[in-house]
Amino acid sequence: MASEHRYSSWEAARFRVRHAIESARAQYTAALPTPPTPKPPAEPPVPADLLNLVCRLGVALVGAGETSARVQEILDQLSRRYGTDNLHFMVLPTAVFVRVRTDEGSAIDMLDARVGTLPLDQIAGLYRLIDKIEKDAPPPTAASRELDELLAAKPGSPPWLILLGQVVLTVGLGMMLNPGARALVGYVVLGLVVGVLTQLADKVRLLSMALPVLAAALVAALAFGFPGALAGGQPEQLLIPAVATLLPGAMLTNGTIELATGSMVAGASRVVYGINMLFLLAFGIYVGISVLGPLADSPISSAQLGWWAPLLGVLLIGFGHSWRSSAPQNSMGWLLLVLYVTYAAQFVGKTLSGPLTGAFLGGLIAVPAAYLIQGRTNAPPRQVAFLPAFWMLVPGGISLTGVSELVLHTTGATAPGGLEVLVSALLSVMSIALGVMVGSGLMATRAPHVGTILDSMLPQGRHLPWHHDRDPDS
């Protein structure tokens, strides 16, 4: 009995101690401050799908040949259309940066711009998508899917038609720049060579990196190796039309425009890239001529085609660009209209005052001409109508001519004034860039009385682009 009593006393004592500990713990816990309730994660200031959409649209617009300032303007309009006004864009030729401003600070996102130059049908689809966003503001995910399908689509022209377009374009440029009767065979042969190399470069990455040097070397070797059969004794006149599609004319002109408008980083990078491309082409010409050794003189043919040759050349340029760059269906007539108007302005300026004035007037007229047809039945977007006319001006052509002449002087083939041709090259690019800027500025003013007069001459129910709800600059 005594042991049982001691056991029960021990249990009771242990129970009292445990109860006291638990009571003390409860009192201590109750005295502690209550932890704050965790806040739910804050919603991002801009949805991720919207950020992705505007960045990818910016990259596509760079591939469409727009200047950095113009891309920023379009992206600003699209972001405001989605009800977002806290985005700021910085566009470079190689990347699109976006800064999101919040109450706590800001965040930065970036997307590489490695899309290359888009074909004309994809450019047309891109601007249709932008118009759709400005009008209806579809969900960003749906717009992104449509952009994916657009960029993943194959070119509208099959490979054989792209190759034919390259040849026709080369012949057209040759007939416009140098309508020599004996040079037509050379234009066809060299256009075919460059076209085959370009298509192979699309499939072989190593070849794409060496394409400017290799193409220029083959063109120079063939032109100077067979001057009688291909060039009528003037092989240097075959160089520019043959490699015209490799010229960085758009890069140099856009860079000049960006430098003039204050986009120094984008402008300087484009200009440096364009100059580097020109010297790669010139190096290829040097290699092609050097492997031939001493150049033998050949009889020079003075046979020239008639006054109609440049006009036919512009027609061939239109068809060549349309096939090579996969222009939208039913747009050929509008593209030819802009090409002929631009050529007429360039011809008038060159006749009255010289090549620089012609380059300026060509760039000046090409922009309003592309704007005025926008919105007509089957008419392509402004950028699609403008680009073939812009490329016809061959803004890098005179630059390459000057550099190639220096190369020929080094090899002993000719003896030009090097400094003079290089200065002329720079002035030519600046003239076209200035013309494009002035033409864009004239269309941005949009004088209402001009639109009223022109609308009175159009068929009923058709209006000029600036009468639409959308901004004509978009």
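**Stop 1: two crossing helices.** Select residues 48-63, helix α2, together with residues 140-152, helix α5: in this predicted model, their axes come within 9 Å and cross at roughly 30 degrees. Turn the view until one helix lies in front of the other, and you are looking at a left-handed crossing of α2 and α5.

Now show the side chains where the two helices meet. On the α2 side, pick Asp49, Leu50, Asn52, Leu53, Arg56 and Leu57. Their counterparts in α5 are Pro140, Thr141, Ala143, Ser144, Leu147, Asp148 and Leu151. What classes of residue make up the contact of α2 with α5? Colour them by class and you will find seven nonpolar, three polar and three charged residues.

**Stop 2: a hairpin.** Next, select residues 87-92 for strand β1 and residues 95-101 for strand β2, which pair in the antiparallel sense over six bridges. Two residues form the link in the hairpin that joins β1 to β2. To see one bridge for yourself, click on Met90 and look across to Phe97, its bridge partner in β2.

**Stop 3: confidence.** Finally, colour the protein chain by pLDDT. The chain has a mean of 78, with 74% of its residues at 70 or more. Where is confidence highest, and where is it lowest? Select residues 184-201 to see helix α7, the highest at a mean of 92, then residues 448-457 for helix α19, the lowest at 40. Widen that last selection to residues 447-474, where pLDDT stays under 50 and the model has 45 contacts beyond four places in sequence. A friendly word of caution here: predicted coordinates should not be read in detail where pLDDT is low.

Notes: Residues numbered from 1 in each chain as written. Predicted model: local features only at pLDDT ≥ 70, side-chain atom pairs only at ≥ 80, totals over all residues. Heavy atoms only, no water. Axes fitted to C-alpha atoms, helices over the stretch in contact; angles between N-to-C directions. Helix = DSSP H or I, 4+ residues; strand = E, 2+ residues; numbered from the N terminus. Left-handed = near helix turned anticlockwise from the far one by under 90°. Contact = heavy atoms within 4.5 Å. Nonpolar A, V, L, I, M, F, W, Y, C, P; charged D, E, K, R; others polar. pLDDT = per-residue confidence, 0-100. Pairing = 2+ DSSP bridges.
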